[in-house]
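This note sets out, point by point, what may be read from the structure shown below. Please keep the structure in view while working through the numbered paragraphs.

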Amino acid sequence: MQHEPAIIAGAGPIGLACAISAKRRGLDPLVIDAGALANSIVRYPINMTFFTTPERLEIGNHPLVCAGAKATREEALKYYRGVARAEGIRVHTFTKLIGKSEVETSMGREAISYDKLVLATGYFDHVNTLGVPGEDLPHVRHYFDEAHLSYGQDVVVIGGKNSAVEAALQLFRAGARVTIVYRGPAWPKSVKYWLRPDLENRIKAGEIQARLGSQVVEITPRDVLVRGALGNEERIPATRVYPLIGFHPDFELFKRIGIVFDPETGRPKVDPNTLETSVPGVFVAGSVTAGTKISEVFIENGRFDGEKIFGSSSERLRAHALYEGIRRETGE
């Protein structure tokens, strides 16, 4: 691999937005990704619709046109493919950054060199785990795929935030017998306002079973062992199990590159104006800037990070103002 003026690790919306910021300042960055283009969106459930309005997902002033009020997964994938093509962005997919100066492809490992390295790797490739026996069984999936596959089956969903609640509702409507297990005593306030009453009504009607204040102790090929707040244990039949308990950035990559980050929060030490890390020439963008607080950064506000990295002082100030404006509007 030849020397590059800039390498951007992560071909998601924020990585592509960073590439656009670089190109419009005369650079021709190389974008790499361990998976496909917009791999995090590829992992979304089929036929998912974004909560965010289309203009908040747009990058590079390219309009996102969709059939309804909100974009679907398929429309978003088509959009980001189109933006990469229109901008002439060089993208190498299935090329994983494994260290400061090395990538890995299907052909093996290869050295890299650059003037700037931008980590826009997100968090969706690194799931939070339960750490219980049986979690690696083949019927256990940390990503929700398609509700139709669970028709007529006993399914346990683990988690209580939006992804878990939405999955439980879709599974119920696809004909599965669903139990949702959440360690908290009540559903989080962050659950979307239209999902909470739907879930509560399904539970009240006995259509979805719920175990609040409960921890999963073990997963077997036939059931899930759950322990309640009072120490009582119960085995819940399950032929499919979905632990949907969140994600985290690749902290091991931070370590290999030498980036200093807070061991408790996972936040990398950065210059807030330029997003440069403790390693000169290495920058972060998007959700990886927030460590474990991944809900602080979305496509909506992270898409401005490229302006901070590649822009002038005035452009950085404008990007910061836009970022803060989006945060205030979304309540984050």
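1. Strand S12, residues 223–227, is joined to S13 by 5 bridges, and the two strands run antiparallel. Within this pairing, Asp223 stands opposite Pro237 of S13. The model under discussion is a predicted one.

2. These strands belong to an open sheet of 3 strands, in the order S11-S12-S13 and with antiparallel pairing. Strand S11 (215–219) and strand S13 (233–237) form the edges, since each of them pairs on one side only. On average, neighbouring strands of this sheet are turned by 30° against each other, with direction ignored.

3. Val226 merits separate attention. This residue has its place in strand S12. Is Val226 buried or exposed? Val226 counts as buried because its relative accessibility is 3%, and the cut-off for a buried residue is under 20%. Beyond four places in sequence, Val226 touches Val181, Ser214, Gln215, Val216, Asn232, Glu233, Glu234 and Ile236. From Val226 to Glu55 there are 171 residues in sequence and 43 Å in space, C-alpha to C-alpha.

4. The next topic is the nonpolar interior. The largest nonpolar core has 36 residues, of which Cys18, Phe50, Ile59, Tyr80, Val118 and Ile309 touch the most other members. At least two residues of this core come from each of strand S1 (4–9), helix H1 (13–23), helix H3 (73–87) and helix H8 (305–310). The greatest contribution to this core is that of H1, with 7 residues. A second, separate core of 21 residues has Ala168, Val178, Ile180 and Val191 among its members.

5. Why is H1 described as largely enclosed by the rest of the structure? The reason is that 10 of the 11 residues of H1 are buried. The buried residues of H1 are Pro13, Ile14, Gly15, Leu16, Ala17, Cys18, Ala19, Ile20, Ser21 and Ala22.

6. Two members of the largest core show which parts of the chain meet there. Which residues does Val118 touch, not counting those up to four places away in sequence? Val118 touches Ile7, Ile8, Ala9, Cys18, Phe283, Ala285, Ile309 and Phe310. The other member, Ile59, lies in the loop between helix H2 (39–42) and H3. Although in a loop, Ile59 counts as buried, because its relative accessibility is 2%.

7. The contacts of Ile59 may be set beside its position in the chain. Apart from its neighbours within four places in sequence, Ile59 is in contact with Pro13, Leu16, Ala17, Ile20, Tyr79, Tyr80, Val83 and Arg303. Ile59 and Arg303 are 244 residues apart along the chain, yet their C-alpha atoms are separated by 6.7 Å.

8. Finally, the empty space should be considered. Rolling a probe the size of a water molecule over the atoms shows where such space is left. The second largest pocket holds about 360 Å³ of space. Its lining consists of 14 residues, and Ile59, Gly60, Asn61, Phe304 and Glu307 are those that lie nearest its centre. H1 and helix H9 (313–330) each supply at least two residues of this lining, and H1 gives the most, with 3 residues. Ile59 therefore has a place in two of the descriptions above: Ile59 counts as buried at 2% relative accessibility, and Ile59 is one of the residues nearest the centre of the second largest pocket.

Key:
Residues numbered from 1 in each chain as written. Predicted model: local features only at pLDDT ≥ 70, side-chain atom pairs only at ≥ 80, totals over all residues. Heavy atoms only, no water. Core = buried A, V, L, I, M, F, W, Y, C linked by side-chain atoms within 4.5 Å. Buried < 20%, exposed > 50% of the residue type's maximum accessible area, 1.4 Å probe, protein only. Helix = DSSP H or I, 4+ residues; strand = E, 2+ residues; numbered from the N terminus. Contact = heavy atoms within 4.5 Å. Pairing = 2+ DSSP bridges. Axes fitted to C-alpha atoms, helices over the stretch in contact; angles between N-to-C directions. 1 Å grid on protein atoms, 1.4 Å probe; cavity = no way out; pocket = protein on both sides within 12 Å on 5 of 7 lines; lining within 4 Å. Points joined across faces, edges and corners; volume = space filled by probe spheres on them.
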